[in-house]
Structures are given as C-alpha cells and as structure tokens.
Amino acid sequence: MMGPVFWFRHRHKIQLPTGSPYLADYDFTGGTLPSGTSLTRSSVATYFNSSSYLASADINTARFDHDPVTGAFKGLLLEGQSSNIQRYSNIGDGTGWTADRATVSVDASIIDSFGGNNATKFADTTDNTMHRLYAGVTTTITSGEKYTLSVYVKAGTYSVVGMSSGSTTGLGWAAFDLANVVVGNSSTSGTPFITPLANGWFRVGIRGATSSLTGTPTAGVILFLMNNNPNATYNAPQGQPAYIGDGSYVYVSTAQIESELVETSPILNVVSTTVTRAADQQLLNVPNGGSLLRLIFDDESTQDFEVTAYAGASYALDPTLLDRRHLKRAVIL
C-alpha cells in the first residue's frame, strides 16, 4: 500500500540517538536491508560500488550506493521510474552511432566507468571540418518537455569535448573542459553540468525544456571535438567547430536521455528501443502505535511522513516524494 501524499520536511541537520526511543529503528548503513523492511523493483538498475565503479543490481535487489569519487558509503539508493531513449547508449564500438569525420574504436587499455575494458575512443580525422559522433533516439522529442542529456567522458590526448542535442530540440550545446573541470562556451538554452567521477571520468550533460521544435526531431546526443579549445564558437544549426584534425581523441561511454530535469543512475540501452528502469519500492513495517516516520538521508537532513493509518502494516516509500535519493536510516515514533 502506497503512503499518503502529505508529509513534513525538516531541512536542518540533526543527530538522532540510536535504539530505544523509537518503536522501530531501521539502519541502512550496514549495506543490507534491516529486518522489518523489504524492497521491490521490477528491473535491473545501476549504482556505484565501494570501488567507485558502476555496478548492476538484479531485479528486487537493493542498491547501496557510494560516492563516485571517494567510494564513501552514501546510503540506500531509491529512485522513481525513468527511461533512457538514447539508442545504443553504451556506445562501445560505435554500433548504431554515426562517426562523422571521426573514428570510433574500443580501447581495451582504458578502464571504463564499470571497471571493465569497454571505453570508446572518439578521435578526429585530418579533414578540415567538424568532427562528431551521434545517434538517434528511440522516440521523437516532444516540444515543451523537460529532458536531461548526459554522457560519461574521459580525457585522452584532448581534454575538451562538446555536446549538443541536435539543431531542432532547443536544449542547446556546451563545451566541457575536463582538465579544469568547468563548462566552457555554451548556448543560453539549457543548463550544462559537469560531475567528477573516479579514474578520470566525468559525467557531463545538459538539462532543459525543449522549445521551437521543427518537424519530428529524432536526434539524440551529439558529441563533437573542438581542437581542445573550450571557447570555440558553435554556429547552429549543426555548426560544431571546424578544424583540421590529427587523430587526437577523448574517451566516451554511457549516453543517456531521460524526461526529467535531473540525471538519474545510468540506464543501459544496448538496443534501438527504449529501456526503462522501474521504480524502487521500499517497504517499512509500522509497529502498532506508530504515527510518525522520520527518514534520515545521506546529508543528515530529515523528512517526516504521517503513518498512523499504516500501524500494524507496511508503509511504501514513494521515491518521487523524497527530498533526497540516499536513505541512511528510518525511525518510527
């Protein structure tokens, strides 16, 4: 049974005692689900393990997530349903992608974000033009809809890479300077971001609402090289910087497009159809007499839910109502 849609928020950080003051005290910091709780999710899903590599959790298996740089424990990862509409998102050897005045190959000497050897080397050619890599989406982009595009990148002989969403989607473009961990030149539409990961990898992307669509756009993530210049000018449409290449390269992996204004855990799509990650449903037993559920997140902030109606039964957390995605502890008063 799903919990009610009203709740109370506590934005300040607090330090709660352990043990007896509570009718139930569920501690998720041990890396296993405590007695009195259970989790269901009807799909596989990804998370960062203690080595800061992406890992895959089976159906109905809890994800105990870690910091993608330090490997520090963050908490039980709870997310709502989301879909990746980027075709062949793993990129790999370039199957399903178009390398335009560029070459694509797997470099087995580079550890990828999953700790394996499937990093894609994206290199320019000696042509005096734009150098890009792109693939389509599994469904048409909708005007006015909110989207987040993202991809994992790592510096090679180049440390600058550009991204756009195609000339008709209205999400704009951005350059990412991996050496200085900053966004370089970018358009005024969309909000670009760069997030450090382990082993020299970054997650870069653009968030925003589509606008001024023409036709039925099917373009997905477009990556382009910029002759290592983060301040190069992009002239839409399809105006990625032109220059004479020399075989220089960056590494790319794990592209994603989802209908949200936040990037969620990677949803692996190795086919040409949409892949969906199901929502996590965390169940907590509410003892008789229980009236208030307090959640403690990874930053020690809290959020309260009224659970009187669920005393003697189970309360299901709705991930879409949570202030944060990483749960460390839940107590019932």
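**Exercise 1.** In this predicted model, find which residue in β27 stands opposite Val 286, then work out how β24 and β27 are joined.

*Solution.* Start with the pair itself: across from Val 286 you'll find Ala 313 of β27. Now look at the strand β24, which covers residues 281-286. Five bridges tie β24 to β27, and the two run antiparallel.

**Exercise 2.** Put the strands of this open sheet in order, and explain why β3 and β27 each have one side without a neighbour.

*Solution.* Three strands make up the sheet, and the order reads β3-β24-β27, with antiparallel pairing. Next, check the edges: that's where β3 (37-40) and β27 (313-317) stand. Each of these two has a single partner strand, so one side of each has no neighbour in the sheet. Finally, step from one strand to the next and you get an average twist of 25 degrees.

**Exercise 3.** Describe the largest pocket: what is its volume, and what lines it?

*Solution.* The volume comes to about 400 Å³. Then go to the lining, which has 20 residues; Phe 48, Asp 65, Pro 68, Lys 74 and Arg 325 are the ones nearest the centre. Which elements give two or more residues to this lining? They are β4 (45-48), β6 (64-66) and β7 (73-77). Sorted by class, the lining splits into eight nonpolar, five polar and seven charged residues.

**Exercise 4.** Do the same job for the second largest pocket: give its space and its lining.

*Solution.* This pocket holds about 240 Å³. Its lining has 14 residues, and nearest the centre lie Gly 80, Glu 260, Val 262, Pro 319 and Arg 325. By class, you get four nonpolar, four polar and six charged residues.

Technical notes:
Residues are numbered from 1 along each chain as its sequence is written. This is a predicted model: local features need pLDDT of at least 70, side-chain atom pairs count only at pLDDT 80 or more; totals for chains, interfaces and linings use all residues. Side-chain values use heavy atoms; hydrogens and water are left out. On a 1 Å grid over the protein atoms alone, a cavity is a set of points where a 1.4 Å probe fits but cannot get out, and a pocket is an open set with protein on both sides within 12 Å along at least five of seven lines; lining residues have an atom within 4 Å of a point. Grid points are joined across faces, edges and corners, and a volume is the space filled by probe spheres set on the points. Helices (H or I, at least four residues) and strands (E, at least two) are DSSP runs, numbered from the N terminus. Ala, Val, Leu, Ile, Met, Phe, Trp, Tyr, Cys and Pro count as nonpolar, Asp, Glu, Lys and Arg as charged, and the others, Gly among them, as polar. Two strands pair if DSSP finds at least two bridges between them. Axes are lines fitted to C-alpha atoms, for helices over the stretch in contact, and angles run from 0 to 180 degrees between N-to-C directions.
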